[in-house]
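Trainee: I have a structure to read and would like to learn how helix crossings and pockets are described. Could we go through it together?

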Amino acid sequence: KVRNGTIDIQKIKDEKTQKQVEEYQENWEKYLAHKDEADNLRQKKKQSRRDKIELDITELQAFNDSLESENNLLSENAELLKERGQFDLSGNYKQQIGNNQKQVGNIEEQNKNLEKLKKTVAEGSEAWNGYESRIQSNNESMNDLKDSTLELTEAIYNLPIDKRDSRLEEYDSKDELLNAKSENALSAGEKNQYSDEIIENIKLRHPVHEDAVNNTKSTVLSNIPETEGGNDVYDKIQSYVNNGQLIENELIDKVLGSPDLYYACKAYNEALLDKMLYDETAKADIQSQLSSQRDNIESSANEQLESISTDETKLQADISKSEAAGLSQSKAQYTEQIRLSKEREKALQDEHNELENWLNDMMAAGEIIEGDEQYEKTQNDLKNIEADLINCTADEIKFNSAIKEMDLSRLEKLVSLLDVAKNRLAGLASLAESHGHNASDDLLLKQIEASFTETKTYKDMMEESLKQLRNPVNLSQWGISEDLMEDLIT
């Protein structure tokens, strides 16, 4: 009752007992006063300890913030160097990994301190839950840092691939520019020159892939640990790499616990697989360029041939109109057909020469081998052109023969006309004699002019015909000598 304050000392009748109770109450009150003071002291000490721990946590967090800022700068610097084509970034990435590991260590120390703080408060209290929440947040940060470390480790072993991709992008950009120039080029020769440069770029990609494979191969071998008595997994990985073969994925998974070796194997497989794909596509890409070059030569020739065909079509339409009107094809039309045929022949011969020279150049460069697909296609095209050339020659012979036949026919008509004139003159002479006139030249001429006005037409035609018969150009075309023609005229 004294402790809980429910006793009434005045009601105690025994003086001695009353005095003892009073003394006890006084001592109890002193005890309570000292106890409160001790409790306050203990609380102050606890708070002081908490403040000290919180200060340590704050200092660790400040250190981590500094490490994170440093990593951000390192990461930005790495990206800038990549853009400049510099890939000696292993030291940069390792420094970031070291900073990550320091941050993880600091966070672990923070969590230890937070666990101490949890013990200073009642479990389940608001303060206790706050400390627990901070520990969980720190655990998530540690997981992020560990993931970042793995990514940086992978990035180290992917550096040869990054360097390869950067160089390949340069060739891709060059090819885009060359393709644009080729589209704007006018001649087949100019187009094929750009195509030759693209083929060269395709070939230059080979050593780039080869370097990536060799560099990733060396990192795999350098990360295989030496073990006493050997290790079946390591031995198999080494065998695959030394033989230039892809490492089985199941085998790579078995070294997942060794991040350096794991990511080195992954990078090696990627580099080797890309090179194998390149080796296949490069052949097809080169063949595609060669087909385009052959097509460029044919397209250029076809433009000329199509223009000639258009002129031939127009000429044939004129000939058809003449025939529909009952007229025979004229010598001028045959001559035009010969001219167009010769133009076609020249265009075909130019195409044949260019295609044949191109084939010889490609075979000398080793791009085309006798018997391969490109060789057979080109030979077939050359044979088709040769057949067209023969057709041109045949057409020219046919047209020239037609002209000769036309000239011979005209000659026959002229001879027939001369016979008619001769008979008519003979008849006129007989007629003159029957009327008692001498058939003198003057008299005969008068009789002709008086009786047959059409004789002048015959005379003009004869004179014109004689000019044509004696024309050296005609004689050359007919293959007749001047002496022989004079005999024919006589």
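Mentor: Start with handedness. A crossing is left-handed if the near helix is turned anticlockwise from the far one by less than a right angle, and right-handed if clockwise. Keep in mind that this is a predicted model.

Trainee: Which hand does the crossing of H2 and H3 have?

Mentor: H2 and H3 cross in the left-handed sense. Their axes come within 9 Å and cross at roughly 165 degrees. Angles over 145 degrees count as roughly antiparallel, so H2 is roughly antiparallel to H3. The contact of H2 with H3 has 14 nonpolar, 12 polar and 7 charged residues.

Trainee: How do H3 and H8 pack, and at what angle?

Mentor: The axes of H3 and H8 are 8 Å apart, and the angle is about 45 degrees. H3 and H8 are therefore oblique to each other. The crossing in which H3 passes H8 is right-handed.

Trainee: What should the 66 residues of helix H8 span?

Mentor: The expected span comes from 1.5 Å a residue, which gives 98 Å for H8, residues 259-324. The end C-alpha atoms of H8 are 91 Å apart, in agreement with that. Just after H8, Gly326 has a positive phi of about 85 degrees.

Trainee: Now the pocket. Which residues lie nearest the centre of the second largest pocket?

Mentor: They are Asn71, Ser75, Gln96, Ser148 and Leu152, out of a lining of 15 residues. The space in the second largest pocket is about 230 Å³.

Trainee: Which helices each supply at least two residues of that lining?

Mentor: Helix H1 (15-83), helix H2 (90-118) and helix H3 (126-157) each do so. H1 gives the largest share, 7 residues.

Trainee: How do the residues of the lining divide by class?

Mentor: The lining of the second largest pocket has 4 nonpolar, 7 polar and 4 charged residues.

Definitions and conventions: Residues are numbered from 1 along each chain as its sequence is written. This is a predicted model: local features need pLDDT of at least 70, side-chain atom pairs count only at pLDDT 80 or more; totals for chains, interfaces and linings use all residues. Side-chain values use heavy atoms; hydrogens and water are left out. On a 1 Å grid over the protein atoms alone, a cavity is a set of points where a 1.4 Å probe fits but cannot get out, and a pocket is an open set with protein on both sides within 12 Å along at least five of seven lines; lining residues have an atom within 4 Å of a point. Grid points are joined across faces, edges and corners, and a volume is the space filled by probe spheres set on the points. Helices (H or I, at least four residues) and strands (E, at least two) are DSSP runs, numbered from the N terminus. Ala, Val, Leu, Ile, Met, Phe, Trp, Tyr, Cys and Pro count as nonpolar, Asp, Glu, Lys and Arg as charged, and the others, Gly among them, as polar. Axes are lines fitted to C-alpha atoms, for helices over the stretch in contact, and angles run from 0 to 180 degrees between N-to-C directions. Angles under 35 degrees count as roughly parallel, over 145 as roughly antiparallel, 65 to 115 as roughly perpendicular and the rest as oblique. The expected span of a helix is 1.5 Å times one less than its number of residues.
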